[in-house]
Amino acid sequence: MTGATREHWDDVYRTKAADSVSWYQPTPGPSLRALDELHLPATTSLIDVGGGASNLVDRLVERGWSDLTVLDIAAPALEVAKARLQNDAGRVAWVVADVTAWQPDRHYDVWHDRAVFHFLTEPEQRLAYRRAREIGTAPGSFVIIATFAPDGPERCSGLPVQRYDAAALAAEFSPAFTLQRDWREDHATPAGGRQSFQWCVFRRR
Ligand SMILES: C[S@@+](CC[C@H](N)C(=O)[O-])C[C@H]1O[C@@H](n2cnc3c(N)ncnc32)[C@H](O)[C@@H]1O
């Protein structure tokens with residue numbers, strides 16, 4: 001990743017309202033449903049990789065989850081989320097980092113990534129992400145990931161993306177992770193468009 005990537009994302013969050021970007025969801029429904037199906041306790045540790053200003057963290061704080069981390073390359077994105085959470089922001093660990101250059105110092109039970117991995121269009125970027133993911137998880141950890149599907153957009157936020165079906169994502173996550181469940185989502189953007197997402201839940205062997 002280059003400094004241009006950070007500048008791009010800083011600029012997005014400085015100039016656009018968090019609820020106007022194409023990836024905005026009033027409720028992070030697919031993520032919450034995926035977590036519900038895993039029947040995890042509130043003590044489960046979760047990192048939202050490239051979480052941006054997503055309100056997934058708000059919903060999990062409300063549910064009493066006590067070990068939450070949000071990582072993003074763009075500090076302004078995390079500032080939006082922190083301001084929204086007010087006093088509860090102190091119950092979350094906030095990390096400003098490029099995931100492809102990040103060295104986790106602990107394991108997480110759940111690694112959540114909605115619409116971040118698909119920006120890694122170069123093999124060496126995906127290798128760096130794999131390294132971080134494998135350091136940041138342990139046997140039994142789950143990964144919940146969403147990327148644009150093969151019939152989804154070719155670009156997001158003006159940047160090219162790599163689109164995946166479940167088999168292609170499973171190949172990226174093998175051999176350490178096994179695919180548990182996959183589904184497609186037709187995401188409605190705030191501007192009235194539709195975006196086809198591929199979701200997968202993996203478990204580390
Ligand atoms: C399409 S947005 C999705 C945000 C959030 N996951 C959601 O669902 O609302 C992509 C996010 O990934 C972040 N991002 C992009 N490249 C990144 C990288 N290399 N490391 C960490 N975060 C990154 C961006 O700043 C942005 O917040």
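Let me begin with a definition: I will call it a salt bridge when a side-chain nitrogen of Lys or Arg lies within 4 Å of a carboxyl oxygen of Asp or Glu. By this rule the count comes to 13 salt bridges in the structure above, which, I should say at once, is a predicted model.

One of these salt bridges joins the side chains of Glu 37 and Arg 181, with a distance of 2.7 Å from N to O. This pair ties together distant parts of the chain, since Glu 37 belongs to helix H2, residues 29-38, while Arg 181 belongs to strand E8, residues 177-188, and the two are 144 residues apart.

Let me stay with H2 and E8 for a moment, and turn to the loops beside them. In the loop between H2 and strand E1, which covers 45-49, we find His 39, and the phi of His 39 is near 55 degrees, a positive value in a residue other than glycine. The loop between helix H6, residues 166-173, and E8 holds Pro 175, and here the peptide bond from Ser 174 to Pro 175 is cis, with omega near 5 degrees.

Now to the ligand. The space that the ligand takes is the largest pocket, and 20 residues surround the ligand there, the closest being Tyr 13, Gly 50, Asp 72, Asp 98 and Arg 114. By character, the residues of this shell divide into 13 nonpolar, four polar and three charged. As for where they come from, helix H1, residues 3-15, and strand E2, residues 67-72, each supply at least two residues of the shell.

Which polar atoms of the protein does the ligand approach? A nitrogen atom of the ligand is 2.8 Å from a polar backbone atom of Gly 50, and a ligand nitrogen atom is also found 3.2 Å from a polar backbone atom of Ile 73. With Arg 114 the side chain takes part instead, where one of its N or O atoms is 2.7 Å from an oxygen atom of the ligand. And how much of the ligand does the protein bury? Taken alone, the ligand exposes 600 Å², and the protein buries 98% of that.

Technical notes:
Residues numbered from 1 in each chain as written. Predicted model: local features only at pLDDT ≥ 70, side-chain atom pairs only at ≥ 80, totals over all residues. Heavy atoms only, no water. Near = heavy atom within 4 Å. Polar contact = N/O pair within 3.5 Å; in protein donor to acceptor, adjacent residues only side chain to side chain. Areas by Shrake-Rupley, 256 points an atom, 1.4 Å probe, with all protein chains shown as cover. 1 Å grid on protein atoms, 1.4 Å probe; cavity = no way out; pocket = protein on both sides within 12 Å on 5 of 7 lines; lining within 4 Å. Sits in = over half its atoms within 2 Å of the grid points. Helix = DSSP H or I, 4+ residues; strand = E, 2+ residues; numbered from the N terminus. Nonpolar A, V, L, I, M, F, W, Y, C, P; charged D, E, K, R; others polar.
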